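User: I'd like to go through the charged side chains in this one with you. Can we start with a pair and work outwards?

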Amino acid sequence: MTKAARTARAAHRVVVIGGGNAGLSAAGRLRRAGVRQVTVVEPRGTHIFAPLQSHIAGGRARVADAVRPQAKVTPRGVRWVQDSATAIDTERHVVQVAGGAELPYDDLVICPGIRMLWDAVPGLAEAMQTEAGISNYDLDLARKASPALRDVTGGTVVFVQSPSPASCAAAAQKPMYLACDWWRDRGVLADIRVVFVTPEPELFHVAEVDAELRRKVAEYGIEVRRGTDLASVDAGARTVTLAHGGREEVLGYDLLHAEPPQGPPAWLETSGLTDARGYVDIDPETLRSRRVPTVWSLGDAAETQTPRSGGAIRTQSTVLVDNLLAALEGRPLPARYDGYSVCPFTVSRDTVVFAEFDRDGDPEPTLPWWKGSMRESRLTWILDRYVLPWVYWNLIVKGRA
């Protein structure tokens, strides 16, 4: 790198909206690349590694494993503004925050994540406030789920997957398999009616992974309602109304594990940077805004045209930072994101099916020579439960991986 390029990077101002997986990863990479003025806007004081919430709900991890103080995980040298972004003025190059301040930028990275829309299904939010409502899509509900699932000895347990777009939509299945394995070991699985509701036509859109999940569903005796949506919940009566092809089914439950509908942050709609659905409108390969060249986006709030997942962000962050730095120096954008995403399915209390795929749903294993990565494996359980969390806390959020 030339002296002029180093000087330009040092003087450049980048504001990153969102201090989750995507925001910290991008901020850390930028700082390590020589961009000294990097600001992360994040209102939460506690950082959560969301993939562990499935393990918490299934009784295979502690809450303490999934949380760290935001100040501790913010990369060294990165400024953290503990506030919420409320507006973007792309003409003046400023981000407005709830506290009233305006943060100037030369380049802007938008990655505030996705909203959990509990109120989008009538009665769902109320159901989650009862002892019979649980979820792995909220840390407190995942904490509640662990003893609730552990202590079931009979009755009907309903698991609901939400429609896409959603963050790791199929992760709704993970606590179901963990619970079924536990119930089988305790000898009570035969006394429990397990019903899985999914809006999708299959358990997963990658054929090899779908075959493994169908095998586990049959092994546990799970009833599957494919192409079915959760229409409403009656928390008092403990019933769900399911909609399928114009027909409705009312089903009673003793325990309801639900993934909520999801959507982009509402304030983004006024930014002039979003598509018709409210997600940041970017080139899905370069991750640069189609509308304003100094704006970039990654993670769940970006329209990357691939299933959203935390595991996709490491690749996205690498591409985005390489391209942003090239743009800063007036070079052609060198990197392309092919839509890589990953979803590890915990299909028992000590095995995982590790799904890695591209934008077209074709397998894209990190280790191409490992033919069994999409088959149930103890080794991928160790990778998912122990190795990846270590990599996340020690490398990814620091911009090192």
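User: Okay, how buried or exposed is E219?

Analyst: E219 is partly exposed, its relative accessible area being 35%, and I should add that this is a predicted model.

User: And which residue does E219 form a salt bridge with?

Analyst: The partner is R184, and the closest N and O atoms of the two are 2.6 Å apart. R184 lies in helix α8 (residues 174-186) whereas E219 lies in helix α9 (residues 207-220), so the salt bridge ties together parts that are 35 residues apart in sequence. R184 counts as partly exposed, at 34% relative accessibility.

User: Which residues are linked with them in a network?

Analyst: The salt-bridge network links D181, R184, E212, R215, K216, E219 and E376.

User: How many salt bridges does the structure hold?

Analyst: There are 28 salt bridges in the structure. One of them joins D281 and R291, at 3.4 Å from N to O, and both residues sit in the loop between β19 (262-263) and β20 (295-297), 10 residues apart. D281 counts as buried at 15% relative accessibility, while R291 is partly exposed at 44%.

User: What about R62, which residue does it pair with?

Analyst: R62 forms a salt bridge with D65, with 3.0 Å between the closest N and O atoms. R62 is exposed, with a relative accessible area of 56%, whereas D65 is buried, with a value of 18%.

User: Switching topic: which residues form the positive surface patch?

Analyst: That patch is formed by R32, R76, K398 and R400, and R400 is placed in the segment after α11 (378-394).

Technical notes. Residues are numbered from 1 along each chain as its sequence is written. This is a predicted model: local features need pLDDT of at least 70, side-chain atom pairs count only at pLDDT 80 or more; totals for chains, interfaces and linings use all residues. Side-chain values use heavy atoms; hydrogens and water are left out. Patches are made of residues with over 30% relative accessible area and no salt bridge: like charges are joined within 9 Å, nonpolar side chains (Val, Leu, Ile, Met, Phe, Trp, Tyr) within 5 Å. Accessible areas come from the Shrake-Rupley method with a 1.4 Å probe; for residues, only the protein chains shown count as cover. A salt bridge is a side-chain nitrogen of Lys or Arg within 4 Å of a carboxyl oxygen of Asp or Glu. Lys and Arg count as positive and Asp and Glu as negative; His and the chain ends are not counted. The place of a charge is taken as NZ of Lys, CZ of Arg, CG of Asp or CD of Glu. Helices (H or I, at least four residues) and strands (E, at least two) are DSSP runs, numbered from the N terminus. Buried means under 20% relative accessible area, exposed over 50%, partly exposed in between (1.4 Å probe, protein chains only).
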